[in-house]
Amino acid sequence: MTADEAPPADGGTGRAGPPGFDISVAHQARMYDYLLGGKDNYAADRAAAQAWLEIDPDIAFGARANRAFLGRAVRYLTAEAGIRQFLDIGTGIPTAGNTHHVAQEIAPDSRVVYVDYDPIVLAHARALLTSSEEGATDYIDADLRDTGTILTQAAQMLDFTRPVAITLIAILHAIPDSDDPYAIVATLMDAVPSGSYLALSHSASDLLRAGQRQGLENVTSRMIQQQFTYRSHEQVAGFFAGMDLLAPGLVRVEEWRPDPGTNGPGRSHLWCAVGRKR
Ligand SMILES: C[S@@+](CC[C@H](N)C(=O)[O-])C[C@H]1O[C@@H](n2cnc3c(N)ncnc32)[C@H](O)[C@@H]1O
């Protein structure tokens, strides 16, 4: 779908619920698509992303670095940790290097279940269901806060008696404290056995310069349908309760096991880590 083929607007469903097909309000998935150079975005998404860029010119670098972290984490989990099952929540609009592409290139029998609540991501879900013959992919249209639905439906494809990697890449900052994101992550990790992994990245409150955070919060409250909750290094580390962090620990996305020679200019404002359940 291109920006000229706007889906019918049914109005937003409110800040707390899933976003509707309201193209007059910016959506996180479509802004991220714009920052990554994609075409599945509308004027409101581009305007909000431009307003962000004016306050924080490193945001486009951060989007690319975040996507690259996703690729390196999935590559590590498949090639080195031997994981063959992934639950990728907050999938985003498909682009290069989706989780199943990375995992199945290394291990064709990998099984990947995607979850997102954005109607535009759902419209593109076909592109995520192009599995290798040996493996499998599935897509669940659900809100991260609805862990019951996610776990029940994912269990139709994933074997929860064997290790699973849960990826929550650039999504938890869309969950306000009032929805208890720590309980959501704990519920998901309780459902998987010891030796499972959690990979996440998260917008950092303590990597922004003075004034930037307030400016970004003003933009998100005025222009973007979903809420954004920036969290500190300590707060993001709190998501890994009961897990051991892999080296190098909780770092900026571009600092997590970078490929040699890929250190470009720019600094992201996103913390990330990969943890192994004890
Ligand atoms: C910034 S994109 C990240 C995409 C991908 N994980 C990546 O890092 O490249 C965040 C995605 O999370 C989704 N999302 C945000 N809040 C969500 C929620 N409560 N439930 C399900 N998906 C959500 C958005 O629709 C969007 O597609």
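Reader: What makes the pair formed by Gly92 and the ligand a polar contact?

Author: Happy to walk through it, with the reminder that this is a predicted model. A polar backbone atom of Gly92 lies 3.3 Å from an oxygen atom of the ligand. The cut-off for such a pair of N or O atoms is 3.5 Å, so the Gly92 pair counts as a polar contact.

Reader: Which side chains place a polar atom by an oxygen atom of the ligand, and at what distance?

Author: Arg67 does so at 2.7 Å, and Asp116 at 2.6 Å. Both values fall within 3.5 Å, so both pairs are polar contacts. As for the cover around the ligand, the protein hides 99% of the 600 Å² of accessible area that the ligand has on its own.

Reader: How many residues surround the ligand, and which are the closest?

Author: There are 21 of them, and the closest are Tyr32, Arg67, Gly90, Asp116 and Leu144. Leu144 also has a part in the largest nonpolar core.

Reader: Which members of the largest nonpolar core touch the most other members?

Author: Among its 36 residues, these are Leu87, Ile89, Leu144, Ile166, Leu168 and Leu198. Strands β1 (85-89), β2 (111-116), β3 (136-141), β4 (165-169), β5 (197-203) and β8 (270-277), along with helices α6 (147-154) and α7 (181-190), each give at least two residues to this core. The top contributor is α7, with four residues. In general, nonpolar side chains in soluble globular proteins tend to be buried together.

Reader: What does Ile89 contact, leaving aside neighbours within four places in sequence?

Author: Ile89 is in contact with Val115, Leu144, Ile150, Ile166, Thr167, Leu168, Ile169, Ile171 and Leu188. There is also a second, separate core, made of 34 residues and including Phe21, Ala73, Val121 and Cys272.

Reader: Why is Arg231 called buried or exposed, and what about Asp177?

Author: Arg231 has a relative accessibility of 1%, which is under 20%, so Arg231 is buried. Asp177 stands at 52%, which is over 50%, so Asp177 is exposed.

Reader: What makes Arg231 and Asp177 a salt bridge?

Author: Their closest N and O atoms are 2.8 Å apart. The limit is 4 Å, so the pair qualifies. The pair links distant parts of the chain, with Arg231 in the loop between α8 and α9, Asp177 in the loop between β4 and α7, and the two positions 54 residues apart. As a general point, side chains of opposite charge can pair when their charged atoms come close.

Reader: How many salt bridges does the structure hold, and what links Arg75 to Asp259?

Author: The structure holds nine salt bridges. Arg75 and Asp259 form one with an N to O distance of 2.6 Å, within the 4 Å limit. Arg75 sits in helix α3 (residues 59-79) and Asp259 in the loop between β7 and β8, 184 residues apart. Arg75, at 38% relative accessibility, is between 20% and 50%, so Arg75 is partly exposed. Asp259 is at 28%, so Asp259 is partly exposed too.

Reader: How far apart are Arg213 and Glu217 in helix α8?

Author: They are four residues apart, which means a separation of about one helical turn. Their salt bridge has its closest N and O atoms 3.2 Å apart.

Reader: How do you know that Ser205 is in contact with Ser232 through a polar atom, and where is Ser205?

Author: A polar atom of the Ser205 side chain is 3.1 Å from the backbone nitrogen of Ser232, inside the 3.5 Å cut-off. Ser205 belongs to the loop between β5 and α8 (212-223). At 14% relative accessible area, Ser205 is under 20% and therefore buried.

Reader: What is the phi of Ala170, and is Ala170 buried or exposed?

Author: Phi of Ala170 is near 55 degrees, a positive value in a residue other than glycine. Most residues other than glycine have a negative phi, and most peptide bonds are trans. With a relative accessible area of 16%, under the 20% line, Ala170 is called buried.

Reader: What kind of peptide bond joins Ala247 and Pro248?

Author: A cis one, with omega about 10 degrees. Pro248 is in the loop between β6 (243-245) and β7 (251-252).

Technical notes:
Residues are numbered from 1 along each chain as its sequence is written. This is a predicted model: local features need pLDDT of at least 70, side-chain atom pairs count only at pLDDT 80 or more; totals for chains, interfaces and linings use all residues. Side-chain values use heavy atoms; hydrogens and water are left out. A nonpolar core is a set of buried Ala, Val, Leu, Ile, Met, Phe, Trp, Tyr and Cys residues joined through side-chain atoms within 4.5 Å. Buried means under 20% relative accessible area, exposed over 50%, partly exposed in between (1.4 Å probe, protein chains only). Contact means heavy atoms within 4.5 Å. A residue is near a molecule or strand if one of its heavy atoms lies within 4 Å of it. A polar contact is a pair of N or O atoms within 3.5 Å; within protein, one must be able to donate a hydrogen and the other to accept it, and residues adjacent in sequence count only if both atoms are side-chain atoms. Accessible areas come from the Shrake-Rupley method with a 1.4 Å probe; for residues, only the protein chains shown count as cover. A salt bridge is a side-chain nitrogen of Lys or Arg within 4 Å of a carboxyl oxygen of Asp or Glu.
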